[in-house]
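This report describes the fold of a protein chain, moving from a single residue outward to the sheet and the helices that pack around it. Please keep the sequence and the coordinates at hand while reading.

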Amino acid sequence: ILGPFHPHLEDALVGEIVRFKADDPLRPLLTVVPSDALRRRLKTLLSRELRLSLLNLHFLTFHQLSLRLFAEANGALAPAVHEDLFFEEALRHMIRAGQPGTAAFAGMEDRAGGCAALWQTLRDLRDAKVDSMVALEALREGHFSEKTAERTSDLLTLLQTWLSFCHAQGIEDHSNLDKLATEQVPLSSFLSQFEQIFYYGFYDLTQIQVDLVHAVARNFSTTLFFPLLQTT
């Protein structure tokens, strides 16, 4: 279902929920949203503004869904997930220790915001599921200009070092959690209980998050509410 957020998509979501509940008030439905703020908005809209009495209607953020799927697969709470500041500091120590791939970035650890910017770049590459081995081979085969190849090669080597470090230390972040959740989707008894799953309120996802959405849609009846406004 395509259209602008307000009022089109909001009204459409309400209409779909009411339609599915019309003949069976206990029909289980799940709505997945990108943020807790939007989750609260929808609950306020349905209960306070529209004064609807709805049972067996679940709201989860993307992160909460990943946590639920991980717990289902492992029979335990999700591992501790580190935030950006942790990774920035770890990256700073790696550069100072002269780890493979860090030479080209020497000095950045002492600049204000240096490691933060470098970490964001590494995170974007990882979230996009860039295969550093394949990318480095493409660089060696001359698919990019010499200047681009040299700078990109340094970054990809650092990415390899970073991923190896995280794996060796058992360090997890949000992307690892989403990846494990995606693997659990086809086997999920939690998701199978819902007659319909609604994805609502997002327009920009990382590749890992897109893979999770696709996995859910391939295995369960899913409606996507996507903000799209036609212009002339």
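Does leucine 212 count as buried or exposed, and what is its relative accessibility? In this predicted model, leucine 212 counts as buried because its relative accessibility is 5%, which lies under the 20% cut-off.

**Leucine 212 and its surroundings**

Leucine 212 belongs to helix α10, which spans residues 207-219. Once neighbours within four places in sequence are left aside, the residues in contact with leucine 212 are Ser66, Leu69, Asp178, Ala181, Thr182, Val185 and Tyr199. For one of these partners the separation can be given in two ways: serine 66 is 146 residues from leucine 212 in sequence, while the C-alpha to C-alpha distance between them is 8.9 Å.

**The sheet**

The chain has 10 helices and five strands. The five strands make up an open sheet with parallel pairing, in the order β1-β5-β4-β2-β3. Its edge strands are β1 and β3 (57-61), each of which pairs on one side only.

Strand β5 (residues 222-227) presents a covered face formed by Thr223, Phe225 and Pro227, whereas Thr222, Leu224 and Phe226 form its uncovered face. Its pairings with β1 and β4 are set out below.

| Strand paired with β5 | Sense | Bridges | Partner residues |
|---|---|---|---|
| β1 (residues 2-3) | parallel | two | leucine 2 and phenylalanine 226 |
| β4 (residues 196-200) | parallel | four | tyrosine 200 and phenylalanine 225 |

Between β4 and β5 the chain passes through α10, and the resulting β-α-β crossover is right-handed. Leucine 212 therefore sits in the connecting helix of this crossover, being buried at 5% relative accessibility and placed in α10.

**Helices across the sheet**

Two helices, α2 and α3, may be described together. Helix α2 (residues 36-49) lies across β2 (29-33), β3 and β4, and runs at about 160° to β3. Helix α3 (residues 62-74) likewise lies across β2, β3 and β4, but runs at about 100° to β3.

How do α3 and α8 cross, and at what angle? The axes of α3 and helix α8 (residues 174-184) come within 8 Å of each other and cross at roughly 60°, so α3 is oblique to α8. The crossing of these two helices is left-handed. On the α3 side the contact is made by His63, Ser66, Leu67, Leu69, Phe70, Glu72 and Ala73, and on the α8 side by His174, Leu177, Asp178, Leu180, Ala181 and Gln184. Several residues of this contact recur around leucine 212, whose contacts include Ser66, Leu69, Asp178 and Ala181.

**A second buried position**

Serine 132 is located in helix α6 (residues 132-140). Serine 132 counts as buried because its relative accessibility is 7%. Leaving aside neighbours within four places in sequence, serine 132 is in contact with Leu156, Leu159 and Gln160.

**The chain as a whole**

Of the 232 residues in the chain, 40% count as buried. Along the principal axes, the C-alpha atoms fill a box of roughly 65 × 50 × 35 Å. Among contacts between residues at least 6 apart in sequence, 77% join residues at least 24 apart, and the contact of leucine 212 with Ser66, across 146 residues of sequence, is one example.

Methods: Residues are numbered from 1 along each chain as its sequence is written. This is a predicted model: local features need pLDDT of at least 70, side-chain atom pairs count only at pLDDT 80 or more; totals for chains, interfaces and linings use all residues. Side-chain values use heavy atoms; hydrogens and water are left out. Buried means under 20% relative accessible area, exposed over 50%, partly exposed in between (1.4 Å probe, protein chains only). Contact means heavy atoms within 4.5 Å. Two strands pair if DSSP finds at least two bridges between them. A crossover is right-handed if, with the strands pointing away from the viewer, the path from the first strand over the helix to the second runs clockwise. Axes are lines fitted to C-alpha atoms, for helices over the stretch in contact, and angles run from 0 to 180 degrees between N-to-C directions. Angles under 35 degrees count as roughly parallel, over 145 as roughly antiparallel, 65 to 115 as roughly perpendicular and the rest as oblique. A crossing is left-handed if the near helix is turned anticlockwise from the far one by less than a right angle, and right-handed if clockwise.
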